[in-house]
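Student: Could you take me slowly through one part of this protein, the stretch of helices in its later half, and show me how the pieces sit against one another? I would like to follow the reasoning step by step.

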Amino acid sequence: PSVISRHGVAKSEDTSKPSPFHRDLWFYFTLQNWVLDFGRPIAMVRLVPASRASAGPSTLFNTSLCFQLIERSPKTLPRSMVYVSIITFVMGASIHLVGDSVNHRLIFSGYQHHLSVRENPIIKNLKPETLIDSFELLYYYDEYLGHSMWYIPFFLILFIYFTGCFTPVEEESRMPVAALLLMGPSSLYYWYLVTEGQIFILYIFTFFAMMALVMHQKRKGLVLDSNGLFLFYSFIITLLLIALWVVWLWNDKILRKKYPGVIYIPEPWAFYTLHMNNLHAAKESF
């Protein structure tokens, strides 16, 4: 049965039926992530004039899909938390897009992502030198403030949704073929999100919280449904991809200098400007 709240109709958490696999929703989620999030900066650099700002349709689609995910959750989610998360998500994504509009255009001028702001040759030559502080402030807004306001609500919404993906019926704890096909692209995107966004701590805490919840619910005789399995296994594969990425670049001295400290996870764009850009330049010289 349903219960009426001041926010409208809410589903009963105890008697709600487990949802079937949201094939359409996860497909559109994966498609928009790859096309509008991963593909957007590439398109902006290659196709759009440097004087134009980065378009941000990914924010609109991502917000819409997050709402769809929440609406399909078999568990009643706190509306106030949902609204605050979505608003913060939109604000963070907007800040990130503003930073991207400048940072990715700097590639035209020779900006190298594997170097810090002050170590970049084009930044060193700025006059007056106080302009360097402005670029460092832009980097902070893009890479720290924008990413935090974008990714924390996003992972929070995923986890809240995950809390409702449990069922007492063993037969419903299976993934259809569509889930298996989408798991690879989805996991690869989460790898890109974690490495490029430098949000490994946020990701690993979310993953540990998922594991703890799975073990807690197992004591109650509950198992993950197909949507929960899809999310959980996608996060596991993501962790394996991150481990392979780190092992592959473990002895890269230049990237080690850019990413000091205990957690060493290079950004794909830094790898690109360090190795792939030089490779393309060498081919063009021939």
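Tutor: What follows is a close look at three helices, H6, H7 and H8, and at a few residues in and around them. Please keep in mind throughout that this is a predicted model.

To set the scene, the protein chain contains 10 helices and four strands, and 47% of its 286 residues count as buried. Among contacts between residues at least 6 apart in sequence, 77% join residues that are at least 24 apart.

Let us begin with helix H6, which covers residues 177-197, and helix H8, which covers residues 226-248. Two packed helices are described by the angle between their axes and the distance between the axes. Here the axes come within 8 Å and cross at roughly 50 degrees. That angle makes H6 oblique to H8, because it falls neither under 35 degrees, which would be roughly parallel, nor within the 65 to 115 range that counts as roughly perpendicular. The crossing in which H6 passes H8 is right-handed.

Which residues meet where these two helices pass? On the H6 side they include Leu182, Met183, Ser186, Tyr190, Trp191 and Val194, and on the H8 side they include Phe230, Tyr233, Ser234, Ile237, Leu241 and Trp245. An α-helix has 3.6 residues a turn, so residues three or four places apart point the same way. You can look for that spacing in the numbers of Met183, Ser186 and Tyr190, which are among the H6 residues that meet H8.

Two residues of H8 deserve a separate look. Asparagine 227 is placed in helix H8 and counts as buried because its relative accessibility is 0%, where the limit for buried is under 20%. Its C-alpha lies 8.1 Å from that of phenylalanine 162, although the two are 65 residues apart in sequence. Alanine 243 also lies in helix H8, but at 40% relative accessibility alanine 243 counts as partly exposed. Between alanine 243 and tryptophan 191 there are 10.0 Å in space, C-alpha to C-alpha, and the pair is 52 residues apart in sequence.

Now move to what lies between H6 and H7. Glutamine 198 is found in the loop that joins them, and it has a positive phi of about 55 degrees although it is not a glycine. With 37% relative accessibility, glutamine 198 counts as partly exposed.

Helix H7 itself runs over residues 200-219, and at 1.5 Å a residue its 20 residues should span 28 Å, so the 29 Å between its end C-alpha atoms agrees with that expectation. Its buried residues are Tyr203, Ile204, Thr206, Phe207, Met210, Leu213, Val214 and Gln217. Two of these, Leu213 and Gln217, are touched by threonine 163, which also touches Lys75. Threonine 163 lies in the loop between helix H5 and strand S3, and is itself buried, with a relative accessible area of 16%. Just after H7, glycine 221 takes a positive phi of about 85 degrees.

Finally, an unreviewed UniProt entry lists residues 199-216 and 228-250 among its transmembrane regions. In the model, residues 199-216 are 94% helix and 0% strand, and their end C-alpha atoms lie 26 Å apart. Another region listed in that entry is residues 150-169, which is 65% helix and 10% strand, with its end C-alpha atoms 35 Å apart.

Conventions. Residues numbered from 1 in each chain as written. Predicted model: local features only at pLDDT ≥ 70, side-chain atom pairs only at ≥ 80, totals over all residues. Heavy atoms only, no water. Expected span 1.5 Å × (residues − 1). Buried < 20%, exposed > 50% of the residue type's maximum accessible area, 1.4 Å probe, protein only. UniProt positions renumbered as here; feature names shortened; annotations may be inferred. Axes fitted to C-alpha atoms, helices over the stretch in contact; angles between N-to-C directions. Parallel < 35°, antiparallel > 145°, perpendicular 65-115°, else oblique. Left-handed = near helix turned anticlockwise from the far one by under 90°. Contact = heavy atoms within 4.5 Å.
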